[in-house]
Structures are given as structure tokens and as C-alpha cells.
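Here's a walk through one protein model, written for someone who'd rather be at the bench. Keep the 3D view open while you read.

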Amino acid sequence: MQNFEYYNRTKIIFGKGTEERTGSETARYSKRVLLHHSGGSVVRTGYLDKVKESLKAAGVSWVELDGVKPNPRLSLVHQGVEICKREKLDFVLAVGGGSVIDSAKAIAIGALYDGDVWDFYDRKKTAVEALPVATVLTIPAAGSESSISSVITNEAGPWKRAVDEECLRPVFSILNPEATFTLPAFQTACGVADMLAHIMERYFTKESHVELTDELCEGAMRAIIRNARRVITGGGALDYDARAELMWAGSIAHNNLLGTGRIGDWGSHMIEHEISAVFDIAHGAGLAIVFPAWIAYNLKEDTPRLARFAAKVWGVDGAFYDYEQAVLEGIFRMKNFFKSIGLPVSFEDAKLDSAKIPLMAEQAVKFGPVGNYRKLYAQDIEAIYRLALK
Ligand code: NZQ
Ligand code: ZN
């Protein structure tokens with residue numbers, strides 16, 4: 001097991017009616033904030049109004065910036081930075097999903113910086129300070145509500161890049177599973193694929209003695225799969241308990257508890273980010289395409305670990321298969337699961353133009369090879385995309 005330091009400052013406020021706490025929690029930090037959201041689902045569902053009522057009751061005023069789109073854009077971040085500087089705002093409150101939260105985090109670093117905030121995403125600068133960010137989450141998926149990451153798309157490329165720094169971790173996050181009742185099945189499924197991927201990225205490690213976190217990862221993945229079935233194919237869109245399991249799982253999957261003592265991989269995320277940059281598809285859908293292909297490409301890398309994944313997560317009974325067959329059966333079951341919840345598992349399913357593959361493979365290695373479980377260069381990434389063609 002590797003040495004590690006585990007620290008996660010995000011205060012999680014979880015459960016029914018918790019959005020009513022937004023105002024009092026925010027007031028501990030600021031009385032005048034940037035309120036950031038999509039202007040879409042949170043308005044339609046009335047959830048934003050509840051948040052505003054809570055802010056008002058606590059004497060917190062706000063300047064509003066809406067318009068965040070999935071795969072959040074740099075141009076809106078620039079507007080947010082401008083507003084924070086002009087209005088001297090010192091706190092950013094995000095109401096929405098990973099895209100809104102990531103946009104809020106980008107604004108929070110940009111507000112304290114004189115140059116272009118893209119410098120941080122282009123690795124010309126390291127983010128050491130940011131305005132405090134808090135979140136009221138509406139979709140369990142990205143885990144941004146307690147992560148150190150922000151992922152932004154620069155339309156000029158398009159390039160999708162991440163900043164991962166401690167100063168970006170939200171100070172508090174409010175998670176009411178009832179707010180997720182309105183999620184369409186497809187968005188729920190994308191979130192499920194993303195949280196599974198966040199665990200798999202950590203699970204696939206060369207570290208040999210990480211028994212506790214291996215078991216935690218496997219248990220978490222099984223719970224996600226079970227509850228995803230309940231919500232998406234079992235008619236449980238309004239099933240509070242199943243929604244609650246998924247919502248907490250989304251945070252646990254990415255708050256790095258499951259990454260302690262081990263070095264995770266993260267290659268599949270880099271490979272996926274190029275897909276959502278170029279085709280503007282949902283991150284989770286891109287991961288459902290990439291991850292089975294990534295496992296297939298690694299078939300000979302560490303077969304016992306891959307076979308254990310097939311057995312413990314997908315129920316492949318080792319008595320009937322050799323290692324390699326077990327891995328293949330695990331991939332088969334994983335793809336069937338993704339398909340059953342409405343996700344694409346290939347370029348063909350998602351109608352992606354394969355002519356872009358060489359460009360995406362090149363862009364994925366802009367900062368060098370990706371992945372730790374196995375280092376991947378442009379030709380490896382191209383081969384993985386090609387394994388996902390059909
Ligand atoms: O845009 P609106 O109208 O609000 O609708 C959203 C959006 O279309 C909808 N939605 C959200 N909550 C809803 C709802 N619809 C009905 N009812 C609700 N309660 O869902 C759609 C997707 O929202 P989005 O915020 O884009 O989803 P997600 O949370 O999956 O975030 C995706 C982004 O996060 C990045 C991804 O790359 C992607 O850009 N990631 C961020 C990470 C991080 N910061 O730690 C890590 C991840 O690996 C990921 O890369
Ligand atoms: Zn992800």
C-alpha cells in the first residue's frame with residue numbers, strides 16, 4: 001500500500017429538505033454571492049426558487065449568471081469572472097450538476113487572477129487560490145460536489161481540459177435525493193456510468209495490497225448497478241431510497257476515499273474527454289463507449305485483476321471460465337448493463353464519426369502519455385477507439 005494523506009473538507013448535507021439549509025450555510029461565508037446555474041432544469045423544476053427562498057431568509061443577496069450547458073464552456077466562465085470582479089463578489093454558489101459546478105469552480109479561480117483563466121487549464125499556471133465555492137447538487141454523476149476538479153471546454157479548439165487543485169474543493173454541498181426525481185432516464189444512466197468509471201479508474205491499479213479499498217470499490221460498484229436497475233429499468237424514478245443510494249454513491253465514487261493507498265489509472269477519462277470535446281456528447285455516455293474497450297485492450301496486462309473485477313462486480317463465476325474468458329465475459333456483461341440502461345457502447349451506437357479518431361488520439365496525449373495502470377500513447381489510444389467502433 002502506498003503512503004497517503006486523506007483530507008476532504010467538503011461538508012456534505014444530505015437528505016430530504018436539505019436545500020433549506022443553503023442560506024444559513026452560505027451566510028457563514030458571504031452575504032452577497034454569484035448564483036450560478038443552467039437556467040434550464042433547475043428553473044423548470046422549481047428547485048432554484050427553493051434555494052433562493054432559503055438565501056433570502058438568511059439575508060444573502062446574489063447576482064445571477066445562468067446559461068451553463070453540459071460540457072461547460074469557457075466563454076460563460078469569462079462572463080462569470082467579469083461579474084465577480086466588477087461586483088466584488090467573494091463566493092460562488094452552484095445549483096445544478098457537474099457542468100454548473102465545474103463552471104463555478106473555473107469562475108472562482110479566474111476571479112482572483114489577472115490573466116485568462118484558461119492558463120490554468122492549459123497548464124501554464126497552477127491554481128493555488130480560489131473564491132470559496134459551494135454546491136446544491138441536482139444530478140449524481142461527476143462527483144464535482146466534493147472533488148478537486150473542474151473540467152472546461154474551450155470552444156476555440158474545441159479542447160476539454162481539467163484543473164485538479166485542492167483550492168477547488170467545495171466548502172459545502174447540499175444533496176437532496178428528491179431533487180433527482182426529475183432526471184430523465186438517460187441522464188441518470190450517464191451519471192451511473194460516470195460514477196462506475198470513477199471507481200474503476202481507482203480500482204485498476206498495479207498496487208498489490210489494497211484489500212480494504214478493493215472490497216470497498218467492488219461493493220460500491222455492485223450497489224450502484226443494483227440501484228441503477230431499480231431506478232432506470234425497475235420503474236423506480238421516484239424511489240427515494242434508490243435515488244439516495246445513487247446520490248451518495250456519486251460522491252463516494254469521487255471523494256477519493258476509494259483511491260487511498262493506491263495509484264489510479266485515469267487513462268479512460270482522458271480518452272473520453274476528447275470524445276465529449278469533439279462531439280459534445282454526455283461524459284457518461286462517452287465513458288460507456290470507452291471503458292469496455294479499454295479493458296479489452298488491457299486483456300493481457302494483469303489478467304487476474306481484470307478477472308477478479310469480472311467475478312466480484314459482474315458475477316462471472318470463475319469455476320466456469322479461465323482468466324481470459326472471465327474477463328471477456330465481464331466485458332460482455334458490462335456492455336449489456338450499459339445497453340439495458342439506454343447508453344451507447346460504441347461509436348456506431350452514438351453515431352460518432354470515426355474519421356476524427358487520429359485527431360482525438362493526438363489531442364489526448366497533448367501533455368504526454370495517459371494512464372498509470374498502463375501508459376498509453378497516441379497509437380494505443382487510437383487502437384482503443386477502434387475497439388469501440390461497433
Ligand atoms: O442543463 P440543464 O437544463 O440543467 O439539464 C441538465 C443537463 O442537461 C440535466 N439535469 C441536471 N439535473 C437535473 C437535470 N434534469 C432534470 N432534473 C434534474 N434534477 O442533466 C444534464 C447533464 O448535466 P451535467 O451537469 O452536464 O451532468 P454531470 O453532472 O454529469 O456533469 C458532466 C460534466 O462534469 C465533468 C464532465 O466532463 C462533464 O463536463 N466532470 C467533472 C468532474 C469533476 N469536476 O470532478 C469529474 C468527472 O469525471 C467529469 O469529467
Ligand atoms: Zn468522470
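What follows goes through the metal site, the bound ligand and a handful of residues worth clicking on.

Before anything else, bear in mind that this is a predicted model.

**The zinc site**

Let's start with the metal. Which residues act as the protein donors of the zinc ion (ligand 2)? There's one aspartate, Asp194, binding through OD, plus three histidines, His198, His269 and His283, each using NE2. These donors sit 2.0 to 2.2 Å from the zinc ion. Read along the chain, the zinc donors follow the spacing D-x3-H-x70-H-x13-H. The pair His269 and His283 links distant parts of the chain, 14 residues apart: His269 belongs to helix 10 (residues 267-279), while His283 belongs to helix 11 (residues 283-297).

Are these two histidines buried or exposed? For His269, the relative accessible area is 5%, so this residue is buried, the cut-off being under 20%. His283 has 16%, and because that is also under 20%, His283 counts as buried too.

Staying in helix 11 for a moment, you'll find Gly286 there. Gly286 is buried as well, with a relative accessible area of 0%. If you want a ruler check, measure from Gly286 to Ala223: they're 63 residues apart in sequence, and their C-alpha atoms are 22 Å apart in space.

**Ligand 1 and its surroundings**

Now for the other bound molecule. How many residues surround ligand 1? The count is 30, and the closest are Ser38, Ser41, Gly98, Ser99 and Ser147. Sorted by class, the shell around ligand 1 holds nine nonpolar, 18 polar and three charged residues.

Three side chains are worth picking out for their polar atoms close to ligand oxygens, and the table sets them side by side.

| Side chain | Partner | Distance |
|---|---|---|
| Ser41, polar atom | oxygen atom of ligand 1 | 2.7 Å |
| His198, polar atom | oxygen atom of ligand 1 | 2.7 Å |
| His273, N or O atom | oxygen atom of ligand 1 | 3.0 Å |

On its own, ligand 1 has 960 Å² of accessible area, and the protein covers 89% of that. The elements giving two or more residues to the shell around ligand 1 are helix 5 (98-110), strand 6 (149-154), helix 7 (185-203) and helix 10. His198 is a name you've already met, since it is one of the zinc donors.

Why does ligand 1 lie between domain 1 and domain 2? Both domain 1 (11-179) and domain 2 (183-387) give residues to the shell around ligand 1, so that's where the ligand ends up, between the two.

**Side chains with polar partners**

Next, a couple of buried residues with contacts. Thr188 is found in helix 7. Its relative accessibility is 5%, so Thr188 counts as buried. The side chains of Thr188 and Arg243 are joined by a polar contact of 3.1 Å.

His37 lies in strand 2 (residues 32-37). With a relative accessible area of 1%, His37 is buried. Its side chain has two partners to look at: the backbone nitrogen of Gly39, reached at 2.9 Å, and the side chain of Glu64, a polar contact of 2.9 Å.

**Backbone oddities**

A few spots in the backbone deserve a look too. Gly157 and Pro158 are joined by a cis peptide bond, with omega at about 0°. You'll find Pro158 in the loop between strand 6 and strand 7 (159-164).

Two residues that aren't glycine have a positive phi. For Asn71, phi is near 60°, and this residue is found in the loop between strand 3 (61-65) and helix 4 (74-87). For Lys351, phi is about 55°, and the residue is found in the loop between helix 14 (347-350) and helix 15 (357-364). What about their surroundings, buried or exposed? Asn71 is buried, with a relative accessible area of 6%, whereas Lys351 counts as exposed at 73%.

**One more exposed lysine**

Last stop: Lys88, in the loop between helix 4 and strand 4 (92-96). Lys88 is exposed, with a relative accessible area of 70%. From Lys88 to Ala141 you cover 53 residues in sequence and 32 Å in space, C-alpha to C-alpha.

Terms used:
Residues numbered from 1 in each chain as written. Chains lettered and ligands numbered in written order. Predicted model: local features only at pLDDT ≥ 70, side-chain atom pairs only at ≥ 80, totals over all residues. Heavy atoms only, no water. Donors = N, O, S within 2.8 Å, 3.2 Å for Na, K, Ca; no water. Helix = DSSP H or I, 4+ residues; strand = E, 2+ residues; numbered from the N terminus. Buried < 20%, exposed > 50% of the residue type's maximum accessible area, 1.4 Å probe, protein only. Near = heavy atom within 4 Å. Polar contact = N/O pair within 3.5 Å; in protein donor to acceptor, adjacent residues only side chain to side chain. Areas by Shrake-Rupley, 256 points an atom, 1.4 Å probe, with all protein chains shown as cover. Nonpolar A, V, L, I, M, F, W, Y, C, P; charged D, E, K, R; others polar. Domains from an automatic or database assignment.
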